[in-house]
Amino acid sequence: MAAQHCAGSAPGIDTGAVYSKDKRPVDTSCFFGTRKYQRDDMKKFIETLVEEHGGRASELLQILIKVQARWHHVPRDCIEQLAEQLHIPRTRVISVVEFYTFLHAQPRGEYEILISDSITDRMLGKPQLMDFLAAKLQVQVGAVRQDGLVSLDNTSCTGMCDQGPAGLINGRAVTALDTRKVVAIAELIASKVPVEEWSGDFFLVHDNIRKAGLLLGDTIGNGVALHSAFARGLDETLRELDISGLRGRGGAGFKTALKWRFAKQEQDSERFVVCNADEGEPGTFKDRVLLNSHAHELFEGMTLCAAIIGAKQGFLYLRGEYQYLYEPLQQVLQQRRQSGLLGGNIAGQDVTFDIEIHVGAGAYICGEESALIESLEGKCGIPRNRPPYPVSQGYLGKPTVVNNVETFVAAAKVAVHGGDWFAARGTEQSKGSKILSISGDCRHPGIYEYNFGVSVAGILDDCGADDVFGVQIGGPSGTFIGNAEFDRKLAFEDLATGGSFIVFDNSRNVLDIVQNFTDFFAHESCGFCTPCRVGTALLKKQFDKIQQGHGSAGDLLELERLGRLIKTTSHCGLGQTAANPILTTLQRYPELYQRQLKKISFEPGFDLDGSLETARKLSRRNDPAAHLTQGGE
Amino acid sequence: MSKTISIDGRQVEFVDGQTIMEAAAAAGVYIPHLCHHPDFTPHGSCKLCTVKVNGRNCSACTFPAQEGQEVLNETDELREDRRMITQMLFVEGNHFCPSCEKSGNCQLQAVAYYLQMLDDHFPLFFASRELDASHPEVMIDHDRCIFCTLCVRASHLDGKEVFAISGRGINKHLIVNSPSGKLQDSALEAGDRAVDICPTGAILRKGIGYRVPIGKRIFDLKKIDAVSLAEQGGAHGE
């Protein structure tokens, strides 16, 4: 294998690394020594990077993202150098490379194209577009073209569901892809025009704010929330937050004031504030809009939290798909430092706080707060055992508040307008508003902000959805509701949601949707615990068997039994919700599943006739008697 | 006054800081497990030790014991869940007990017997995994690895970090800390704790195969619930 790589290597493409996501290393000797110049170059690059990142092992992921961008993979030499310079075992570097989907041990194309495989992108014509793209670029999906110039693959939802089909080209978000754009892209690649020089049209991202409410309706001036909080008193402001009834907007709904108070009460002198901007739930893109147009309020909310709990350092964990927001966000941070709203003596008070941006690298699991903290520490995003909870032992084992983007924005508004202003809206247990990301079969996909308690029917009217079959509330990990349930309300009391709202009309096949979601969870499982690691893969097999028409009555029972086990015994929220698409649709539409079944009591899990192929080849027979007719229908 | 929790209705004493697993073990109550070993930091990944604490599923090996907890351990539902989890581990790798040197000393096999697992139930993955027999004294049969990380934790205590788990989801695999990725180029030595810690037959000591004949091995003589945690961890062919 190594020899082949060397023989076929393209100029500028280092083929030395021979790890892949599921293979162990093989001999690399043919690479070493043949490219001494490049190795020296690489060594300097790594040394500079490590220095820029303070030589801290917790920066490993951030460093690897830059290595990947520079060489389109993480070469074996880099792994060795990083291990040495960061004083960590090489296995730690390898495991991080193999964990995050945007990092590769084997070279990807100089132009690395990833197309979002979210159900919403599919509904907008992604499958046909992918075929067209593959044909135009003469590359297979999942592969690197022979000359090393381009690679093409699927990726999980990139958060552009309101303007898909979307994707990433060398990490930059591209939207509203069509055949015209694909032709243009193929030409740009053929003439090797660097992505930085492509027309901005490819990378246009619209906010699409369709309905503004409490949060999106007005913008508070920079520093106003902090000045209000200092004027009122920090303890009093925390009480206002308590009065507001604000609960975490990521979906879990923990009371924000309580979380901040717990962190404040911890004995440790060092504390951290973390904003979870790893918006990975398919169909969710509201944080993208907040980060783009309400970043000051987000940072204001984080700074407020820091002042209240006594933190000096904050982190914004930005999902890798939103890399294009990194520079604009850095500029906002810089402006705030210059205005005295970050750094020392914030707003003239004895408060010191600053914010660093960390970028993810393609791992849905990092949206789970303890996995996010692991990732911030430069490790694989594997959820921790709880207790202890992050409020007592989070980043580097110190008390840490992790909140969603929307939560911090809401907290900043509460500091200005007071708790009653917020609590006057919404329902008993769900105060205030919720920002929804609406996509799928509707005329006006985009961002809608409603007071909690709004009915599904009302939302469907607003977004221009007709002939609706059902809605996926809260993304794949949430609930599928059918058109008999549209009087249900969005609130923690009824339908809790992180904001994803995907509309399906009557032309859609529920099982196709469920299959997409089930594949997603199997792909995103971190693999830490048995029920989720093996269970999500088994669930995919079992569902596919039924979907492909090989299932029998017993298979449905098995599907449900397996789903229940994964739900009740998995380590974290990913596993606990991975079977939801199956369980919630099986409960509502058993007839759709039953229609797929064969009318016999047992079907094996594999193709019996296909398994006889070897025997047919050996006996050089292909007559009807050498085939097994799988009857029963 | 000592503090107590109830496990299946039986009062079990504990001291602050103990997990449910530790309290249970001290009282002689067996909770099935594979990734747990009393000498190492609890991991909580295999999920075999799932118990119901006040109505909610928790991993006994990581969950702290707290005054008045009602813990359910030996219920039909939990036994069924644990059996399915064990079956998952069997189909994920390639476990052929009759041809495995660890048979009779293997915790995975012993737990399966304890849970009355009679078949694999789930479709096999037929994972394609390599064997590493490069080291003169120790071999790794990756087919049998269940990602419990006991070798990772043991090697950490050995001060060597020879092992790590890499990859994601169903593509998880054990990797070795050496320039070639092979065991022979690692710092592993025969005297290391990591050599004998594997609960399955994934890491085996060479040269001692079948020294103890089949039929006279640890779990041939006693069911796993009657073997102490410390004994189980040291279960190898010696």
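How many residues of chain A are in contact with how many residues of chain B? In this predicted model, 45 residues of chain A are in contact with 49 residues of chain B. That meeting of chains is a good place to begin.

Together, chain A and chain B bury about 3,800 Å² between them, and 56% of that area lies on carbon and sulfur atoms. Polar groups take part as well: 22 residue pairs, both partners at pLDDT 80 or more, are in polar contact across the interface of chain A and chain B. On the side of chain A that touches chain B, at least two residues each come from α4 (76–86), α5 (90–99), α19 (510–524), α20 (530–547) and α21 (553–569) of chain A. Of these, α20(A) gives the most, with 8 residues. Sorted by class, the side of chain A that touches chain B has 16 nonpolar, 14 polar and 15 charged residues.

Charged residues can also pair up. Side chains of opposite charge can do this when their charged atoms come close. Between chain A and chain B the count is 4 salt bridges. You can look for A:R564, which forms a salt bridge with B:D81; their closest N and O atoms are 2.9 Å apart.

Another residue to find here is A:R76, which lies in helix α4 of chain A. Is A:R76 buried or exposed? A:R76 counts as buried because its relative accessibility is 4%, under the 20% limit. The side chain of A:R76 makes a polar contact with the side chain of A:E80, at 2.6 Å. A polar atom of the A:R76 side chain also lies 3.2 Å from the backbone oxygen of B:P179, so to speak a link reaching from chain A to chain B.

Let us now turn to chain B by itself. Chain B is divided into domain 1 (3–74) and domain 2 (93–233). Taken over C-alpha atoms, the centres of domain 1 and domain 2 of chain B are separated by 24 Å. Their contact takes 17 residues from domain 1 of chain B and 22 residues from domain 2 of chain B.

The two domains of chain B bury about 1,600 Å² between them, with 69% of it on carbon and sulfur atoms. Which residues in domain 1 of chain B lose the most area to domain 2 of chain B? They are B:Y30, B:L34 and B:F40, which together account for 44% of what that side buries. The rule finds 1 salt bridge across this interface. In chain B, the side chains of B:R193 and B:D39 meet in a salt bridge, 2.8 Å from N to O. The count of residue pairs in polar contact between the two domains is 5, with both partners at pLDDT 80 or more. By class, the side of domain 1 of chain B that touches domain 2 of chain B has 9 nonpolar, 6 polar and 2 charged residues.

Back in chain A, helix α9 (residues 224–232) has the buried residues A:A225, A:L226, A:S228, A:A229 and A:F230. Among the elements covering them are α10 (234–244), α13 (295–309), α14 (326–338) and α16 (405–417) of chain A. Just after α9(A) comes A:G233, whose phi is positive, near 105 degrees.

Helix α16 of chain A also holds A:E406, while A:K434 sits in strand β11 (residues 433–440) of chain A, so this pair ties together parts that are 28 residues apart in sequence. The link is a salt bridge between their side chains, 2.6 Å from N to O. A:E406 is buried at 0% relative accessibility, and A:K434 is buried at 3%.

Other salt bridges in chain A have partly exposed partners. The side chains of A:R70 and A:D41 meet at 3.4 Å, N to O. Because A:R70 lies in helix α3 (residues 60–71) and A:D41 in helix α2 (residues 36–52), this pair ties together parts 29 residues apart in sequence. A:R70 is partly exposed at 37% relative accessibility, as is A:D41 at 32%.

Within helix α2 of chain A, A:K43 forms a salt bridge with A:E47, their closest N and O atoms being 3.8 Å apart. These two residues are 4 places apart, so about one helical turn separates them. Finally, A:K259, A:E368, A:E369 and A:R386 are linked in a network of salt bridges. Over all chains, the count comes to 57 salt bridges.

Note on methods:
Residues numbered from 1 in each chain as written. Chains lettered and ligands numbered in written order. Predicted model: local features only at pLDDT ≥ 70, side-chain atom pairs only at ≥ 80, totals over all residues. Heavy atoms only, no water. Contact = heavy atoms within 4.5 Å. Buried area = accessible area lost by both parts, 1.4 Å probe. Polar contact = N/O pair within 3.5 Å; in protein donor to acceptor, adjacent residues only side chain to side chain. Nonpolar A, V, L, I, M, F, W, Y, C, P; charged D, E, K, R; others polar. Buried < 20%, exposed > 50% of the residue type's maximum accessible area, 1.4 Å probe, protein only. Domains from an automatic or database assignment.
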